[in-house]
Amino acid sequence: ADVVNKIAAGEVIERPASVVKELLENSLDALATRVELEVARGGTDLIRVTDDGEGIEPDDLPLAIASHATSKLQEADDLFRVRTMGFRGEALASIASVSRFRLRSRTADHEVGSELKVDGHGHGHGDGLGDPQPVGCPVGTQVEVANLFHNTPVRRKFLKTVSTEFGHVAEQFTRLALAHPRLAAVLKHDGRTVFDLPATDSLIDRLELFYGSATTERLIPVESEVGEVKLWGFVGHPELSKGSRKGQYLFLNGRYIQDRSLQHALGEAYRGLVMVGRHPIAYLFLEMPPEMVDVNVHPTKNEVRFEDSSSLYRQLLSTLRTRFLSLDL
Ligand code: ADP
Ligand code: MG
């Protein structure tokens, strides 16, 4: 099983940021209202995620890191949990197989928590798995991933500089924090607090903490509804445009996605408003019934397949064009 886990890890766990994505998603799935992400040396030395979610029962702790273990329902309408079958319930197992791993958790109906350690070497009984030990901790879950790829030296060697790896980690954090303003979220790097975001009902408040009021003052609210598809969010004034598409965020039913076609529609809406080679910034949210989209495209690429992509294209384009006309841009 250890070899299988390492192979599975190779497909999805490329770098510290991939671990961060999986752990933060688990915290959200566990209904956390606050999550703290601490990393050391860009996540290459340590990644620690602490949440106040519902926790894991002591008896279920070993199960949580067994491959193909998932406590999550497999309902077709359970949108993003129905991901590629190959990686369902495998994130923790994969991560544990390529790191020094510690899982601590406590549910509300226990006085103490329990912890489980895995050292990624495959000794101890089974897969390097010790027995759960009682430990004092608050309700919720803490996952610690140290020395990522310590036992897969080739992959370790392909990690980039600390600042590059931290950039990817911070980007994962940003995507989650923008998608969920109601989640209090903290990011620390090498002991320094990079973000300490209070829970808020307002996306614009959260955007202001990331980008400052000089940016948020020049954001244009947009909104439209076509059939069952709701589109809302903010797009930047043309003068906020950037030299890359890095300021473009698109979320589908609460999860970050990337979509070529919608990116193109965004560019089209700004045609003539921004110079060639410049890209508008945007924070856009799409909400639609799960059956209108196939999310089982690839576990890591954030890509989805829409049932009616061209209708979405037109909706985005016309929503923005109408808005720009009304503003006389
Ligand atoms: P999946 O998320 O696809 O179920 P994972 O390997 O990411 O698979 O997690 C395995 C299981 O461990 C989850 O189904 C869940 O029961 C439990 N788990 C993982 N992280 C947390 C967390 N932060 N809080 C509560 N339970 C968790
Ligand atoms: Mg998961």
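Leaving aside its neighbours within four places in sequence, which residues is D190 in contact with? The answer is A40 and R41. With that pair as a starting point, let's walk through this predicted model.

## The overall picture

The protein is built from 10 helices and 15 strands. Of its 329 residues, 37% are buried. If you look at contacts with a separation of 6 or more, 65% of them join residues 24 or more positions apart.

## Around D190 and H189

D190 sits in the loop between β7 and β8 (192-197). This residue counts as partly exposed because 14 other C-beta atoms lie within 10 Å, a number between the limits of 12 for exposed and 20 for buried. For a sense of distance across the model, take S318: D190 and S318 are 128 residues apart in sequence, and their C-alpha atoms are 46 Å apart in space.

H189 belongs to strand β7 (residues 184-189). Is H189 buried or exposed? H189 is buried, because 20 other C-beta atoms lie within 10 Å and the cut-off for buried is 20 or more. Not counting residues up to four places away in sequence, H189 touches V39, F166 and V194. G167 is 22 residues from H189 in sequence and 11 Å from it in space, C-alpha to C-alpha.

## Two residues with positive phi

R41, one of the contacts of D190, is also worth a look for its backbone. Most residues other than glycine have a negative phi. R41, however, has a positive phi near 50°. You will find R41 in the loop between β1 (34-40) and β2 (46-51). R41 is partly exposed, with 16 other C-beta atoms within 10 Å.

F149 is not a glycine either, yet its phi is positive at about 65°. F149 lies in the loop between β6 (140-146) and α5 (153-157). Is F149 buried or exposed? F149 is buried, with 22 other C-beta atoms within 10 Å.

## An exposed loop residue

E239 is placed in the loop between β10 (229-236) and β11 (248-252). E239 is exposed because 10 other C-beta atoms lie within 10 Å, and 12 or fewer counts as exposed. Along the chain, E239 and R278 are 39 residues apart, while in space they are 9.7 Å apart, C-alpha to C-alpha.

Here are the residues discussed so far, with their surroundings.

| Residue | Other C-beta atoms within 10 Å | Exposure |
|---|---|---|
| E239 | 10 atoms | exposed |
| D190 | 14 atoms | partly exposed |
| R41 | 16 atoms | partly exposed |
| H189 | 20 atoms | buried |
| F149 | 22 atoms | buried |

## Two helix pairs

The axes of α2 and helix α6 (residues 162-179) come within 8 Å and cross at roughly 20°. Because that angle is under 35 degrees, α2 is roughly parallel to α6. The crossing of α2 with α6 is right-handed. On the α2 side, the contact is made by P16, A17, V20, K21 and L24, and on the α6 side by E165, H168, V169, E171, Q172, F173 and L176. By class, this contact has seven nonpolar, two polar and three charged residues.

Now turn to helix α9 (residues 260-269) and helix α10 (residues 309-326), whose axes come within 9 Å and cross at roughly 25°. That angle makes α9 roughly parallel to α10. The crossing of α9 and α10 is right-handed. Here S261, L262, A265, L266, E268 and A269 of α9 meet S309, L312, Y313, L316, L317, L320 and R321 of α10. The residues of the contact between α9 and α10 divide into nine nonpolar, two polar and two charged.

## The shell around ligand 1

Helix α2 comes up again at the ligand. How many residues surround ligand 1? There are 19, and the closest are N26, A30, A64, T70 and S71. Both α2 (16-29) and α4 (91-97) supply at least two residues of this shell. Which element gives the most to the shell? α2 does, with three residues. Sorted by class, the shell around ligand 1 has six nonpolar, eight polar and five charged residues.

Conventions
Residues numbered from 1 in each chain as written. Chains lettered and ligands numbered in written order. Predicted model: local features only at pLDDT ≥ 70, side-chain atom pairs only at ≥ 80, totals over all residues. Near = placed C-beta within 6 Å. Helix = DSSP H or I, 4+ residues; strand = E, 2+ residues; numbered from the N terminus. Nonpolar A, V, L, I, M, F, W, Y, C, P; charged D, E, K, R; others polar. Axes fitted to C-alpha atoms, helices over the stretch in contact; angles between N-to-C directions. Parallel < 35°, antiparallel > 145°, perpendicular 65-115°, else oblique. Left-handed = near helix turned anticlockwise from the far one by under 90°. Contact = placed C-beta atoms within 7 Å.
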